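The following exercises concern a predicted model. Please study the sequence and the structure before attempting each task.

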Amino acid sequence: MLRLEGVNTYYGRIQALRDVSLTVAEGEIVAVIGPNGAGKTTLMNTISALAPARSGTIAFDGQAIAGLSPERIVRLGISQVPERRQIFGSMTVQENLILGAYHRYRRDGRQQIERDLEFVFEIFPRLKDRVKQKAGTLSGGEQQMLALGRAWMAKPRLLMMDEPSLGLAPLLVKEIFRVSGELRDRGTTILRVEQNARAALELADRAYVMESGRVVLEGTASTLASDARVQTAFLGRTGE
Ligand code: ATP
């Protein structure tokens with residue numbers, strides 16, 4: 001579904017992605033793990049065109065997408081849950097969710113969008129209880145749910161999640177991971193960036209490890225979870 005080959009991305013003269021190649025097949029959950037500054041967020045921003053690639057190729061369903069606008073990329077079916085929960089604080093929960101579907105009204109119609117809204121409330125009952133509440137007054141965890149719900153309202157074929165568990169209590173982390181599984185079961189393919197390597201590898205089919213802008217390891221999630229280098233660097237095990 002998604003294929004990156006030899007992608008290089010820069011911020012001015014700073015190179016943040018170095019010759020990155022990666023694939024995501026339809027129906028997969030793919031995790032990208034790595035330390036601070038490894039280029040994980042840049043990878044997502046490169047795919048969504050917020051930080052466009054300077055060279056290399058990016059194909060979605062076989063169609064080259066590098067060079068398209070972020071708006072076109074959303075319309076093709078790629079949607080991103082941003083790391084810093086960019087929700088609109090002065091708008092209500094419901095308004096934020098509806099906004100996620102703004103480009104779908106003509107194509108899918110109001111009824112379908114209302115059904116999707118019901119689904120978001122089903123998976124996140126907390127949001128339903130707070131439907132008229134201003135988003136800025138939600139707790140951090142609730143805001144993360146809202147960010148995920150809003151990205152899903154765009155009905156993406158590929159959902160990219162940037163550190164969905166960052167700063168959340170363990171119970172909420174579980175909740176977010178459960179929902180990822182549910183969305184995947186509904187046909188959404190997921191590319192997820194995580195510093196929480198343990199949680200990421202538990203609920204992924206395949207994973208990539210990034211360091212200093214490069215992909216340094218890749219494999220099935222279970223192979224990587226038992227890889228000595230991953231265990232030492234990310235899972236806090238000494239291997240003894
Ligand atoms: P973290 O887990 O800390 O979010 P990350 O793996 O997502 O890290 P990126 O945010 O992609 O890493 O950053 C990769 C590199 O690019 C870092 O060295 C960072 O300082 C640099 N960088 C990121 N955004 C910018 C920017 N807007 N301008 C200049 N440099 C940037």
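**Exercise 1. Determine how many residues surround the ligand, and which of them are closest.**

Solution. Step 1: count every residue with a heavy atom within 4 Å of the ligand. The shell found in this way holds 13 residues. Step 2: identify the closest members, which are Asn-36, Gly-37, Lys-40, Thr-41 and Thr-42. Step 3: sort the shell by class; it has 4 nonpolar, 6 polar and 3 charged residues. Step 4: ask which element supplies the largest share. That element is H1, with 3 residues.

**Exercise 2. Examine the oxygen atoms of the ligand and state what lies 3.0 Å, 2.7 Å and 2.5 Å from them.**

Solution. Step 1: apply the cut-off for a polar contact, a pair of N or O atoms within 3.5 Å. Step 2: look at the backbone. A polar backbone atom of Ala-38 is 3.0 Å from an oxygen atom of the ligand. Step 3: turn to the side chains. Thr-41 places a polar side-chain atom 2.7 Å from a ligand oxygen. For Thr-42, the distance from a side-chain N or O atom to an oxygen of the ligand is 2.5 Å. Step 4: consider the surface of the ligand. Taken alone, the ligand exposes 630 Å², and the protein buries 61% of this area.

**Exercise 3. Establish the order of the strands in the sheet, and explain why one side of E2 and of E5 is left without a neighbour.**

Solution. Step 1: read the order of the 4 strands, E2-E1-E4-E5, in an open sheet with antiparallel pairing. Step 2: inspect the edges. Strand E2 (14–24) and strand E5 (63–64) each have a single partner strand, so one side of each has no neighbour in the sheet. Step 3: follow the pairings across the sheet. E1 and E2 are joined by 7 bridges, and Tyr-10 stands opposite Gln-15 in E2. E1 and E4 pair over 5 bridges, with Leu-4 opposite Ile-58 in E4. Strand E4 (residues 55–60) pairs with E5 over 2 bridges; here Phe-60 has Gln-63 of E5 as its bridge partner.

**Exercise 4. Describe the hairpin of E1 and E2, and then the placement of helix H1 on the strands.**

Solution. Step 1: the hairpin has 2 residues between its strands, and Gly-12 takes a positive phi near 60 degrees. Step 2: helix H1 (residues 40–47) lies across strand E1 (2–11), E2 and E4. Step 3: compare directions; H1 runs at about 110 degrees to E1. Step 4: relate this helix to Exercise 1, where H1 gave the largest share of the shell around the ligand.

Note on methods: Residues are numbered from 1 along each chain as its sequence is written. This is a predicted model: local features need pLDDT of at least 70, side-chain atom pairs count only at pLDDT 80 or more; totals for chains, interfaces and linings use all residues. Side-chain values use heavy atoms; hydrogens and water are left out. Two strands pair if DSSP finds at least two bridges between them. Contact means heavy atoms within 4.5 Å. Axes are lines fitted to C-alpha atoms, for helices over the stretch in contact, and angles run from 0 to 180 degrees between N-to-C directions. A polar contact is a pair of N or O atoms within 3.5 Å; within protein, one must be able to donate a hydrogen and the other to accept it, and residues adjacent in sequence count only if both atoms are side-chain atoms. Accessible areas come from the Shrake-Rupley method with a 1.4 Å probe; for residues, only the protein chains shown count as cover. Ala, Val, Leu, Ile, Met, Phe, Trp, Tyr, Cys and Pro count as nonpolar, Asp, Glu, Lys and Arg as charged, and the others, Gly among them, as polar.
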